[in-house]
Structure formats: structure tokens, C-alpha cells
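The following note sets out points for discussion on the structure shown below. Kindly read them alongside the sequence and the model.

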Amino acid sequence: VVVVLRPEKKDIPRILGSGDPWGIRLEYVETGPTRGPVETLDRAYERFRGASVALAFPDILMTCANPYGPLLKGLEKDGMESVLGLFPRTPRQFADPVLLEDGPEGSPGGRRGTSWPSGQLRRVREILPKNPVGGAGKDTPWCWGVAVWSPAMSEFIHEEVVKGDVPDWGGDWGLGHVLNRGVNAGLGTGAVVVSSDPFLDMGTPEGLAWAREGRRTPGDGPV
């Protein structure tokens, strides 16, 4: 497991150590200021080059025990270069909405009121910028919180960082906008619902307060 962090975050390696208690090997990559999560991730490029990647954000809590199992299984499907783990969106959550292609039964694959069995892989049509419920993507109840991808997607992300293009969405270099460029470039991108509960983002003061109360989900229900 590779942890990418700022040099001043000395408390994290001190607390997590080598990973031995969990039967894993933890490595740390220190980085100075970057233009956003994409460039931060790319600082560890030489560590994961040529390997499949399972991405986790350090400030997200979730109730699902094994979100990566169905994602890795989806990555084995023909033509899949990345698979997103989807969670219900909530009115109080800022996250990247995910639009899905229509399902095989002809019903819209990413709109409210449609059924979609947990664990079923659907192809992603578009990943939208973070926004509150009611903005762009208001018809989809899904957002992504974890992801896995192939070496081909790692190379695509690295090439985007090397090119240094201005992000499509403005602001910092979020992973969603680069993954969406992959969709537009024809890299097969799928999605699987991994939880019936929204994830809790501890990266906000409100989310951190909830986490300190012992909560693992905002608890305000899906849209």
C-alpha cells in the first residue's frame, strides 16, 4: 500500500507504521504542493507503474466491508480499463455525480426510480464535477467514492499530468475530470454500486464532527 502525503504529516506514518499489524506492507511517498489529487497521485507513478491500482481517499468513511471485490471483478471484463465504486448521493454531500448508459432492459441506468442490482456492472457515460444535489446531474442518484483501474489507465493519467492541460472543470486537478477524459478517449469505464449507504466525507468540518460522534454515514438518505 502506497500512502502519498505531505512531509509535515509526520503523525500518519508514526501511527500507521509499516502495516505489519494488518499483514500488509506500507510505503510512504512524500510530496510538496501539487495542483490537486491527480498530480499528487502521479508522484507515486513509479511505484504503481505496470500494475492495477485500487484507489482510496483517506478522509472517506463507508459502511461496506469489501468495496474492492466487485470492482476488481468488473475490471476483468472485456474492454474495462477502470471501474468506479458508486454510493448514493445525498442532499448534503458534494461529490462527482456519475451518469450511466442505459441498462440492457432499456431503462435509464443512472436515474432516480430505476432498479439496479448491487454488484452489477454498468458502463459509465459521463462523470460530472462535484456539485450539490439539484445541479448538473440531478437525475442521477449516484456518486463515486472508490475506484480501481488498469495499467493502461495509469499511463493515461500520467500522460495527462505530463501534458499539464488546464482542468476541464477549473479549480484543482480532481481525479474525476481526468477519469472523465478517459471515458471521452474511449477507455472502457464501468461502475458498480458497492453500498446502499452514502459515504461520510471527513474532509469537511461537519463530516469530521459526525465521524467523531461515531457515525460512518451522513444518515440523511439518498436523493
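Which residues are buried in α5? The points below begin there and then move to the sheet and the cores.

1. The model is predicted. In helix α5, the buried residues are Met 153, Ser 154, Phe 156, Ile 157, Glu 160 and Val 161. They lie on the same side of α5 because they cover an arc of only 160° around the axis. Residues three or four places apart in an α-helix point the same way, since there are 3.6 residues a turn. On the other side of α5, Val 162 and Lys 163 are exposed.

2. Helix α5 comprises 13 residues, from 151 to 163. From its first C-alpha to its last, α5 reaches 18 Å, close to the 18 Å expected at 1.5 Å a residue. Just after the helix, Gly 164 adopts a positive phi of about 70°.

3. The loop between α5 and α6 contains Trp 173. Is Trp 173 buried or exposed? Trp 173 counts as buried because its relative accessibility is 5%, and the cut-off for burial is under 20%. Trp 173 also stands 5.8 Å from Arg 35, C-alpha to C-alpha, although 138 residues separate the two in sequence.

4. Helix α6 (175–184) is mostly covered, with nine of its 10 residues buried. The buried set consists of Leu 175, Gly 176, His 177, Val 178, Leu 179, Asn 180, Arg 181, Gly 182 and Val 183. After α6 comes Gly 186, which has a positive phi near 90°.

5. In what order do the strands of the six-stranded open sheet lie? The order is β3-β8-β5-β9-β7-β6, and the pairing is mixed. At the edges are β3 (53–55) and β6, each of which pairs on one side only. Neighbouring strands of this sheet are turned against each other by 45° on average, direction ignored.

6. Strand β5 (residues 82–88) pairs with β8 (residues 142–149) in the antiparallel sense, over seven bridges. In this pairing, Phe 87 has Cys 143 of β8 as its bridge partner, and Leu 86 has Trp 144. Strand β5 runs parallel to β9, to which five bridges join it; here Leu 84 is the bridge partner of Ala 191.

7. How many residues of β5 are buried? The count is seven of seven, so that β5 is mostly covered because each of these residues falls under 20% relative accessible area. Ser 82, Leu 84, Leu 86 and Pro 88 point one way from the strand, whereas Val 83, Gly 85 and Phe 87 point the other way.

8. Further along the sheet, β7 (residues 122–127) pairs with β6 (residues 98–100) in the antiparallel sense over three bridges. Leu 99 stands opposite Glu 126 of β7 in this pairing. Strand β7 is also joined to β9 (residues 189–193) by two bridges, and these strands run antiparallel. There, Arg 123 stands opposite Gly 190 of β9.

9. Two helices lie across β3, β5, β8 and β9. Helix α4 (residues 68–75) does so at about 65° to β8, and α5 does so at about 105° to β8.

10. The largest nonpolar core has 30 residues. Which residues have the most contacts inside it? They are Leu 84, Leu 86, Val 124, Trp 144, Trp 149 and Leu 179. Apart from this core lies another, of 14 residues, among them Met 62, Val 83, Cys 143 and Val 192. In soluble globular proteins, nonpolar side chains tend to be buried together.

11. Leu 84 merits a closer reading. Leaving aside residues up to four places away in sequence, Leu 84 touches a set of residues including Leu 71, Val 98, Val 124 and Ile 127. Its contacts also include Trp 144, Val 146, Ala 147 and Leu 179, as well as Thr 189, Gly 190, Ala 191 and Val 192.

12. For the chain as a whole, there are seven helices and 10 strands. Buried residues account for 43% of the 223 residues. Of the contacts between residues at least 6 apart in sequence, 74% join residues at least 24 apart.

Notes: Residues are numbered from 1 along each chain as its sequence is written. This is a predicted model: local features need pLDDT of at least 70, side-chain atom pairs count only at pLDDT 80 or more; totals for chains, interfaces and linings use all residues. Side-chain values use heavy atoms; hydrogens and water are left out. Helices (H or I, at least four residues) and strands (E, at least two) are DSSP runs, numbered from the N terminus. The expected span of a helix is 1.5 Å times one less than its number of residues. Buried means under 20% relative accessible area, exposed over 50%, partly exposed in between (1.4 Å probe, protein chains only). The arc is that of the directions from the helix axis to the C-beta atoms. Two strands pair if DSSP finds at least two bridges between them. Axes are lines fitted to C-alpha atoms, for helices over the stretch in contact, and angles run from 0 to 180 degrees between N-to-C directions. Contact means heavy atoms within 4.5 Å. A nonpolar core is a set of buried Ala, Val, Leu, Ile, Met, Phe, Trp, Tyr and Cys residues joined through side-chain atoms within 4.5 Å.
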